[in-house]
Amino acid sequence: MDYNYLSKNLLAITKRLPSHARLIVVSKNQPVEKIIPLLELGHREFGENRMQDVKDKFTPLKKSYPDIHLHFIGHLQTNKVKDAVAFCDVIHTVDRTSLAQALATEMQRSGKYPDCLVQVNTGDEVQKSGISLQDAESFTLTCRDILRLPIKGLMCIPPAHEAPAKHFALLRDMAACTKLELLSMGMSNDYEVALQHGATHIRVGRSIFEEN
Ligand SMILES: *Cc1c(COP(=O)(O)O)cnc(C)c1O
């Protein structure tokens, strides 16, 4: 297979990244064969949304590329917390008290403290993960100051059929209020808007892996 397009896609995005922002390549549903060319080009930040895929795909890859940085960006079940803490460098989806408590307990037990982000449901969509807008600030403070989780920032996924700018602005303002530095926002369709609003981590899948 010819994977030249992967390097073209990677370069097209990285050359537009401001120095304070990082690209997380979202490799969910992608085979290891398509991840290796990106590793060979020096890329190290990857995102997955299922713990099983994190373990199956990246445990072998980490043997050859030990400095891979793994981001968990999916809904995290409490029975997967142990794996998440063991295998991931950043958990983007802390969104409820039961999960936050489980993470705090596991971090104390294991002595491993991956960075955590609070996922905010900025569109208050019923079916979507993320803490509601109304509860976001108090939840963030509870996670950080009472449970002592290493909360470093906020993450959101704007509603599919709305202009994303106001959601990104909202997340940025909320992070500023709680003095958090990291903003995980922006995907293939809207990462440029997210960067304009101060994204520190964009999460891009299709624009990397689809040949166009
Ligand atoms: C799939 C996914 C992405 C990447 O989306 P693309 O449209 O493929 O760029 C980003 N963030 C999350 C949480 C995802 O599940």
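**Figure 1. Arg-203 meets a nitrogen of the ligand.** In this predicted model, an N or O atom in the side chain of Arg-203 is 2.9 Å from a nitrogen atom of the ligand. Now look at how much of the ligand is covered: taken alone, the ligand exposes 390 Å², and the protein buries 89% of that area.

**Figure 2. Lys-28 and Ser-188 each meet an oxygen of the ligand.** Find the side chain of Lys-28, where an N or O atom is 2.8 Å from an oxygen atom of the ligand. Then turn to Ser-188, which has a polar side-chain atom 2.5 Å from a ligand oxygen.

**Figure 3. The ligand and its surroundings.** The space that the ligand takes is the largest pocket. Among the residues around the ligand are Val-26, Ile-73, Met-155, Ile-157 and Met-187. Val-204, Gly-205 and Arg-206 also belong to these surroundings, as do Lys-28, Ser-188 and Arg-203 from the views above. What kinds of residues make up this shell? The shell divides into 6 nonpolar, 2 polar and 3 charged residues.

**Figure 4. Cys-88, a buried cysteine without a bonding partner.** Why does Cys-88 form no disulfide? The closest cysteine sulfur, in Cys-116, is 10 Å from the sulfur of Cys-88, so the two are too far apart for a bond; a disulfide needs sulfur atoms within 2.5 Å. Cys-88 counts as buried because its relative accessibility is 1%.

**Figure 5. Cys-143, another cysteine too far from Cys-116.** For the sulfur of Cys-143, the closest cysteine sulfur is again in Cys-116, 8.1 Å away, and therefore too far for a bond. Cys-143 is buried, with a relative accessible area of 0%. By the same cut-off, the count of disulfides comes to 0.

Methods. Residues are numbered from 1 along each chain as its sequence is written. This is a predicted model: local features need pLDDT of at least 70, side-chain atom pairs count only at pLDDT 80 or more; totals for chains, interfaces and linings use all residues. Side-chain values use heavy atoms; hydrogens and water are left out. A residue is near a molecule or strand if one of its heavy atoms lies within 4 Å of it. A polar contact is a pair of N or O atoms within 3.5 Å; within protein, one must be able to donate a hydrogen and the other to accept it, and residues adjacent in sequence count only if both atoms are side-chain atoms. Accessible areas come from the Shrake-Rupley method with a 1.4 Å probe; for residues, only the protein chains shown count as cover. On a 1 Å grid over the protein atoms alone, a cavity is a set of points where a 1.4 Å probe fits but cannot get out, and a pocket is an open set with protein on both sides within 12 Å along at least five of seven lines; lining residues have an atom within 4 Å of a point. A molecule sits in a cavity or pocket if more than half of its atoms lie within 2 Å of its grid points. Ala, Val, Leu, Ile, Met, Phe, Trp, Tyr, Cys and Pro count as nonpolar, Asp, Glu, Lys and Arg as charged, and the others, Gly among them, as polar. Buried means under 20% relative accessible area, exposed over 50%, partly exposed in between (1.4 Å probe, protein chains only).
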